[in-house]
Amino acid sequence: MLMFNSCMMLSFWFSSIMTQDIIKEDKLRDDLKYYFMSPCEKYRARRHLPWKMGVQILKIVMVTTQLVLFGLNNQLVVAYKEENTVALKNLFLKDYSGVDEDDYSVAVYTQHGVYDSLFYVLDQYSQLGQLSVGPISYADDEDGKLQPLIICKEYYKRGSVDPSDEAYDIDAHLETDCMSLDLKTKNQWRTRNSSFFDLDFYRLVDIKITFQLEGINLQTVRSRELPDCYLFYVTITFDNQCHSGKVKIFLDIDAQSSACKDWKISGTAQKNTHYLLVFDCFVILVCLTSAVLCTRSIILAVRLLQRFSRFFHENYNHKVCEDDQKEFLNGWYVMVIVSDLLAIIGSILKMEIQAKSLTSYDVCSIFLGTSTLLVWVGVIRYLGYFQKYNVLILTMKAAFPKVLRFCCCAGMIYLGYTFCGWIVLGPYHEKFEGLSRVAECLFSLVNGDDMFTTFAQLKDKNTLVWVFSRAYLYSFISLFIYMVLSLFIALITDAYETIKNYQKDGFPLTDLQKFLREQKDFPILEESSQTNVHLRHSVFCCCQRVPVNDDVIPIS
C-alpha cells in the first residue's frame, strides 16, 4: 500500500511538471503568434486597438502637412535671394546680359573695359537709393554709421614681362592694397586716390570690391507671416589670375536673415505664426509618442527572443539560428525611430526659424525632407501584410546582398572611366571638366540621356583626343548598357522569380516557424554546428507568411 501511494505521488509529480511545461510552451507559442500578427489580427485576437498604426497614420498626415507649409515658405525665401542676386548683378555689372557664362557673370578684354566696369560699380553704389526699385539700402554698423565700400587689389610684389623677348621677372609674393569709399566725399574721392587706380596689369592678380546692403522681404506678408530683414554681403571680383587677356567679373552674395528690430503690421500675420508654432509642438508630441511606442516594441521583442532562446536551449539543447533571431529585430521600428528623431529636430529648427532665432532653412529642409521620406517608406511595412504587395519587399531583401556585391565590382570600372575621362577629355569637353561632372555625365549615358550631345560637343581641334574620345565613349556605353546594366537587371529578375516560386510552392521552414506550427522535429545540434544551420536556412524563410490556426501571420 505504501509503495502504491509513492507511485501515485511520483506519477502526480511528473504529471504536474509536464503540465507546467506544456502550459509554458503554449503561452510562449501564443505570445510569438501574437507578436507576428498584423494590427487587424491583433485586434481580432485580443481586442487591442492598433494604437501604433493609428499614430503612424496621424504622423504621416501631420509631417506631410508640416513639410508642405515649410516648403512654400522656403520657396519664397529662395526666390527672394535669387531675384535679389539678379537685381544686384544688373545694377552693378556693366553690360550684364542677364545670363551668367560658364563660371562668371561678365568678361572684359581691354584695359579701358576694366576701368569702365570698375568705376561703373562705384558710381552705381554711390547712387543706389535713386536706382533700386526694391526695399534695399546701405547697411549700418552698431553705432548707426554707414558701412563703407572697400576696394582691395592683389598683385605680385615685383614683375616685368616682355613677351617679344620672351623674358620676365616676377616676384611670386603677393601684396594687397585696400581703400574705402566715403559717400560724403564721393565727388573728390576718385581724384584724391587716382594713384590707387593706376593698375599694372602684368602684376595684377585680382580686384575685390566688398560692401554690405540691407533689405526686407515683404512678400511673406501675403502668406500671413512676418517679413524678414536681410543683410547682404556683396563681393565683386575682377579675376585676372590667368593673365590670358580675359578678365572675369564675378558677383557673389551671402545673405543672412534676422528679425526686424522695429516693425508694425496689421492683419493676421502674427496670429498665423502662433498657430504654426502650436502645430509644430503637436507634431513633436506625435513623433515622441511614435518613438516611445516603437522603442517599447523593440524591448518586448528582445525579451521575447530571450524567452524563445532559453526555451529552445532547455528543451532541445538547440540554439536559435541567425535567421530566426533577425525576425525579432524589426528594422522597420528602427527606421520609424530615426524618422521620428529627424522630424523632432526639424520641427525644433522650424520653430526657431519662425521665431527669427535661426536662419538655417537648408538644414531644416534636409531634416524635414528626410523624415518625411522615411515616414512614407514606412507605409510599405503595412502593405507587406498582404501577399500581393509583399513581393517588392521580399525581392529587395533577397536581391540586396547580390546587388551590393555586383555594384562594388562595377563601381571599380566606373571609377576608372571617371578618372580617365577627366584627365583626357576635361580640357576639351565641358561635361568632363570636373570629377563630379564626369561621374554625372557617365551616369546619364548609362541611362541613355544626351548621347548624341556628348559626342557632338567634343572639340575636334585635337585629332588624337577626338579619336580617343570615340573609343572611350563607345567602349563605356557598350560595356555598361549591354553588359553591366543587363546583368544588374538579371540579378533582380532572378530574385523576383525565386520569390514567386517560393510563394507558389512554399518557403523552407525555420525552427521558429516549425515551433509556431507545433512541429517538434528540431535537430539537436552542438554549438560548433551552428554554421551549418545558417547555411541550410535560406534568407527567404525570414519573410514567409505562415498560416497558424487559420490565420495568416507575416514573419517580417
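**Exercise 1.** In this predicted model, locate Arg 303 among the helices and decide whether Arg 303 counts as buried or exposed.

Solution. Step one is the place in the fold: Arg 303 sits in helix α7, which covers residues 269-316. Step two is the accessibility, and for Arg 303 the relative value is 52%. The cut-off for exposed is over 50%. Arg 303 therefore counts as exposed.

**Exercise 2.** State how far apart the C-alpha atoms of Arg 303 and Phe 328 are.

Solution. Along the chain, Arg 303 and Phe 328 are 25 residues apart. In space, their C-alpha atoms are separated by 9.5 Å.

**Exercise 3.** Describe how helices α9 and α10 are arranged, giving the crossing angle, the relative direction and the handedness.

Solution. Begin with the limits of the helices: α9 spans residues 331-354 and α10 spans residues 361-377. Their axes come within 8 Å and cross at roughly 150 degrees. Angles over 145 degrees count as roughly antiparallel. Helices α9 and α10 are therefore roughly antiparallel to each other. The last step is the handedness, and the crossing of α9 and α10 is left-handed.

**Exercise 4.** Which residues make the nonpolar surface patch, and which helix gives the largest share? Classify Ile 423 by accessibility.

Solution. The patch, of about 670 Å², is made by Met 412, Ile 413, Leu 415, Phe 419, Trp 422, Ile 423 and Leu 435. Helix α12, residues 391-425, supplies the largest share, six residues. Ile 423 lies in this helix, α12. Its relative accessibility is 55%, so Ile 423 counts as exposed.

Key: Residues numbered from 1 in each chain as written. Predicted model: local features only at pLDDT ≥ 70, side-chain atom pairs only at ≥ 80, totals over all residues. Heavy atoms only, no water. Patch = residues over 30% accessible without salt bridge, like charges linked within 9 Å, V, L, I, M, F, W, Y side chains within 5 Å. Areas by Shrake-Rupley, 256 points an atom, 1.4 Å probe, with all protein chains shown as cover. Salt bridge = Lys/Arg side-chain N within 4 Å of Asp/Glu carboxyl O. Helix = DSSP H or I, 4+ residues; strand = E, 2+ residues; numbered from the N terminus. Buried < 20%, exposed > 50% of the residue type's maximum accessible area, 1.4 Å probe, protein only. Axes fitted to C-alpha atoms, helices over the stretch in contact; angles between N-to-C directions. Parallel < 35°, antiparallel > 145°, perpendicular 65-115°, else oblique. Left-handed = near helix turned anticlockwise from the far one by under 90°.
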